[in-house]
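Thank you for making time this morning. I would like to walk you through one structure, and I will try to be careful about how far each statement can be taken.

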Amino acid sequence: MPRKKTEHYVNNKELLEAMIVYRGKVAIAREKFIKKYPDKEPPKSGPWEGKPPIPNYLGECFLKIATHLSYKPNFVNYMFREDMISDGIENCVQYIHNFDPEKSKNPFAYFTQIIHCLLYTSPSPRDRTRSRMPSSAWK
């Protein structure tokens, strides 16, 4: 009996396609910005005139990835879990421009890593001045 194929909570192929489309729109908007303001270069991150908004689908994917990672055993009882998820989404939005489909065809791994690193380096619930990174990682 063939094994039933499992459905993932984020489809990597669809996420890649959405990233390619979004990057194309940003590239077109960047060219328009440069034509309108020849002496200025639009910033790599952050808002600028004419920059297209991030599509809802990408935002939903960021939310799903962050929420799923927050269910890991070391975060499940964390009282600031919603803040952690929000911070993860914010980091994905901040670094969305760094993903290059020419170098990687796996945006799911890219954004998962961004959120995962944030979860381990943000303050712990016991002490907001220390990180949750295990002590073995510091060696």
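I will begin with confidence and overall layout, then move to the core, and finish with a few individual residues.

Please keep in mind throughout that what you see is a predicted model. The mean pLDDT of the protein chain is 83, and 82% of the residues in that chain reach 70 or more. If we look at the helices, confidence is lowest in helix 4, residues 107-121, where the mean is 87, and highest in helix 1, residues 12-36, where the figure is 94. The stretch I would ask you to treat with caution is residues 132-139, over which pLDDT stays under 50, and for which the model nonetheless has 15 contacts beyond four places in sequence.

As for the layout, the protein chain has four helices and zero strands, and reading along the sequence gives the pattern α-α-α-α. The chain has 139 residues, of which 29% count as buried. If we take the contacts between residues at least 6 apart in sequence, 56% of them join residues at least 24 apart.

Let me turn to the interior. Which residues touch the most other members of the largest nonpolar core? That core has 28 residues, and the ones in question are Leu58, Ile96, Phe111 and Ile115. Helix 1, helix 2, helix 3 and helix 4 are the elements that give two or more residues to this core, and helix 1 gives the most, with eight residues. To take one of those well-connected members, leucine 58 is in contact with Leu15, Ala18, Met19, Tyr22 and Ile96, once its neighbours within four places in sequence are left aside.

Helix 4 deserves a closer look. With 15 residues at 1.5 Å a residue, helix 4 should span 21 Å, and because its end C-alpha atoms are indeed 21 Å apart, the model agrees with that expectation. The buried residues of helix 4 are Pro107, Phe111, Thr112, Ile114, Ile115, Leu118, Leu119 and Tyr120, and what covers them includes helix 1, helix 2 and helix 3. As you read through that list, it may help to recall that an α-helix has 3.6 residues a turn, so residues three or four places apart point the same way.

One of the residues on that list is threonine 112, which counts as buried because its relative accessible area is 17%, under the 20% cut-off. Its side chain reaches the backbone oxygen of phenylalanine 108 at 2.6 Å. Beyond four places in sequence, threonine 112 touches Ile65 and Leu69. Isoleucine 65 is 47 residues away from threonine 112 in sequence, yet the two are 6.3 Å apart in space, C-alpha to C-alpha.

Now to helix 2, residues 56-70, in which serine 70 lies. Is serine 70 buried or exposed? Serine 70 is buried, with a relative accessible area of 0%. Which side chain does the side chain of serine 70 make a polar contact with? The partner is the side chain of arginine 81, at 3.0 Å. Not counting residues up to four places away in sequence, serine 70 touches Phe75, Val76, Arg81, Met84 and Ile85.

My next stop is the loop between helix 1 and helix 2, which is the place of proline 42. Proline 42 counts as buried, since its relative accessibility is 3%. Among the residues that proline 42 touches beyond four places in sequence are Arg30, Phe33 and Trp48, and the C-alpha atoms of proline 42 and arginine 30, which are 12 residues apart along the chain, are separated by 6.8 Å. Isoleucine 34, which sits in helix 1, is another contact of proline 42, and isoleucine 34 also touches Lys40 and Glu41. Unlike proline 42, which is buried, isoleucine 34 is partly exposed, with a relative accessible area of 33%.

Finally, a word on cysteines, in case anyone was about to ask. The structure holds zero disulfides. Cysteine 61 is buried, with a relative accessible area of 2%, whereas cysteine 117 is partly exposed, at 36%.

That is where I will stop, and I am happy to take questions.

Technical notes:
Residues are numbered from 1 along each chain as its sequence is written. This is a predicted model: local features need pLDDT of at least 70, side-chain atom pairs count only at pLDDT 80 or more; totals for chains, interfaces and linings use all residues. Side-chain values use heavy atoms; hydrogens and water are left out. Buried means under 20% relative accessible area, exposed over 50%, partly exposed in between (1.4 Å probe, protein chains only). A polar contact is a pair of N or O atoms within 3.5 Å; within protein, one must be able to donate a hydrogen and the other to accept it, and residues adjacent in sequence count only if both atoms are side-chain atoms. Contact means heavy atoms within 4.5 Å. pLDDT is the predictor's confidence in each residue, from 0 to 100. The expected span of a helix is 1.5 Å times one less than its number of residues. A nonpolar core is a set of buried Ala, Val, Leu, Ile, Met, Phe, Trp, Tyr and Cys residues joined through side-chain atoms within 4.5 Å. A disulfide is a pair of cysteine sulfur atoms within 2.5 Å.
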